[in-house]
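The following text walks through a structure, taking its parts in turn and then the place where they meet. Please keep the view open while reading.

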Amino acid sequence: MTTTPESSELTEEEKDTVGLGNPPVLADPKDTVLSGRGLIKTFGRVVGLDGVDVDLFPGEVLSVIGDNGAGKSTLIKALTGALIPDSGQVYVEGQEVHFRSPQDARGAGIETVYQTLAVAPALDISANMFLGRERRRSGPLGSVLRMLDKKGMKEAAGQSMANLGIATVQNMGQAVETLSGGQRQAVAVARAATFATKFVVLDEPTAALGVKETGQVLNLIQQIKEKGMPVILISHNMPNVFEVSDRIHIARLGGCAGVITPRSHTPTEAVAIMTGATTLEKG
Amino acid sequence: MTTTVEPQAPHTAAEQFALRQQSPLQRIQHALHSHPSISPLLVLIISVIAFTIINPRFIQPATIGIILQQVSVIAALAIGQTLVILTAGIDLSVGAIAILSSLLMANLAAKNGVPGILAILIGIAAGVIAGAINGALVTRLKLPPFIVTLGTLSIFTAIALLYSGGQQVGRRQMPASLLWAGQPIFIGPLRITTGVIIVAIMAVIVAFILAQTSWGRHVYAVGDDAEASRLVGIRVDRVLFSVYTVAGLIYGITGWVQIGRSGTASPNAIVDANLDSITAVVIGGTSLFGGRGTIVGTILGALIVGVFRIGLSLAGVDDQWRLFATGVLVILAVSIDQWIRKVKA
């Protein structure tokens, strides 16, 4: 808890480039929403994470890109409790945490949206939104009979959807299977945005979607960011990443090939760094 | 950073197409999708009207009372079966557990001198344990429910036969409490039994829990998409284990109702219970693929089978035609389920 990484004393020059470069200039975990330090995860002889450092700053969208097997999913899983790192520390708002399961991370206010459309199709929007954390009615109907507050949950679900500008879906009692793929993912993203208190992780949220639906989800990411909620986006799709990100963490061979911004580099350069065709110079 | 506010674009051709008037068939599909109990309700109403036209004796209170009594045991087992099928499972050990429970309570009371009420409670507890064993095998060993309950069907039947020596326990050997579910009750001219009331109360309680509580919602979610449920933090194994255990409780209580209904506890009772309970659940509109269905539908499904049995016999038709009609209804019900699954917004 007491040991903070060596980066706590930054030079004037480094203060302008904090969070960027190769290796990235690290911030003090007290100033970040999430920090990973020296994360190592091996699977037998396969190295999943080779001592990765990562920072997520308040109010930003951080994208994690990388080739298949570069370790981006492993990194996210190690940060959100889906995997337990062999070594290294994870800090949430400066406090070291030890997530043992995704439930632990959720309990700490971290919500994850998965690539697979993680909604139950036959249940309605409101039920999916509150799945696993249903609200009960007040009074003995809730405490003794354990009745659900269906009306309250429907209203709250409608409110969250409206807050994110999802106006195409009106009826919260509509079964999710009657929605399009993009609308279903919107429900999952809205759920994450509603219940997250620290940050939202979106794991390839547009991989299964068409162009127009992808646009809807990117819009949602902007909306979440505007509400001040930080987002980690894992994606293969360079145009998407460059459209919404503040910073881009490039995973490569279990490590980090550098952190760039959409202003400092072009998508082509990002792909080159990602594949190892070029390396990001120090500084 | 630019915020993209979508302008109110005029509808594209595809959106215009999506907004077109629905055909009557699509409306029916939508109605059935949101209210899956409609189809069994219609089948029940139409068959009651048809059988009454064929033979007016059908609608008499005496006939209706007999139907309710005949249906009670299968309906009770089907309530437990509904819970299991909602989780995309299947329970082939329903009858075996009910018989094991009934033989245990009857033998304890008749041969070991255990007080009636205590014997009933022990018998029901055996049902709970048997259900918990099913649940443990499904969740711990990750075996398909079909295989687990196919195995426990034989195991529980064997235990019941070994324990009872294959002997039935007669009416005179049992205390009144064991036979209480056979007590007649008159509602106006309608003669039913306390057993029918017990089953009705179980149906109301389970229907309430499924529709109104978190646990009920989780049962649907697990059957609908177990992976999505796990990802939102539902403890899927716990839900499954509890479903099989609660089903065991319901089968145990049904064992007691069965003693009242037949006046004996016999290892040869309710031999067709497994398939009959699944038939009632399926005709009632519950999907064998999980996540979709209601207790109301199941009760309607059980009633439809009962109505066909008495109706066809009153119509002077050979009983084999009831079997034939049940088969047609099952295939029809699953076809309708497949069709309403394809509903689009």
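This is a predicted model, and the account starts with how chain A is divided. Domain 1 of chain A is made of two segments, 6–119 and 180–275, while domain 2 covers 123–174. Between the C-alpha centres of these two domains the distance is 29 Å.

The two domains touch through 11 residues of domain 1 of chain A and 10 residues of domain 2 of chain A. On the domain 1 side, the elements that give two or more residues are helix H7 (181–195) and helix H8 (211–226) of chain A. H7(A) provides the largest share of that side, with seven residues. Sorted by class, the domain 1 side holds six nonpolar residues, four polar residues and one charged residue.

Taken as a whole, chain A has 10 helices and 10 strands. Its C-alpha atoms fill a box of roughly 60 × 45 × 40 Å along the principal axes. Is the radius of gyration of chain A what a compact globule would have, or not, and on what grounds? A compact globule of 283 residues would have a radius of gyration near 19 Å, and the 20 Å of chain A agrees with this. Of the 283 residues in chain A, 49% are buried. Among the contacts in chain A between residues at least 6 apart in sequence, 64% join residues at least 24 apart.

Chain B can be read along the same headings. Its secondary structure consists of 14 helices and two strands. The C-alpha trace of chain B spans about 80 × 55 × 35 Å along its principal axes. For 345 residues, the radius of gyration of a compact globule would be near 20 Å; chain B has 23 Å, which agrees. Buried residues account for 48% of the 345 residues in chain B. When contacts in chain B with a separation of 6 or more are considered, 77% of them are between residues 24 or more positions apart.

What remains is the contact between the chains. How many residues does each chain give to the contact? Chain B contributes 22 residues and chain A contributes 21 residues. On the side of chain B that touches chain A, the elements giving two or more residues are helix H9 (214–224) and helix H10 (226–231) of chain B. The largest share of this side comes from H9(B), which supplies five residues. By class, the side of chain B that touches chain A is made up of eight nonpolar, eight polar and six charged residues.

Methods
Residues numbered from 1 in each chain as written. Chains lettered and ligands numbered in written order. Predicted model: local features only at pLDDT ≥ 70, side-chain atom pairs only at ≥ 80, totals over all residues. Helix = DSSP H or I, 4+ residues; strand = E, 2+ residues; numbered from the N terminus. Rg over C-alpha atoms; globule rule 2.2 N^0.38 Å. Buried ≥ 20, exposed ≤ 12 C-beta atoms within 10 Å, placed from the backbone. Contact = placed C-beta atoms within 7 Å. Nonpolar A, V, L, I, M, F, W, Y, C, P; charged D, E, K, R; others polar. Domains from an automatic or database assignment.
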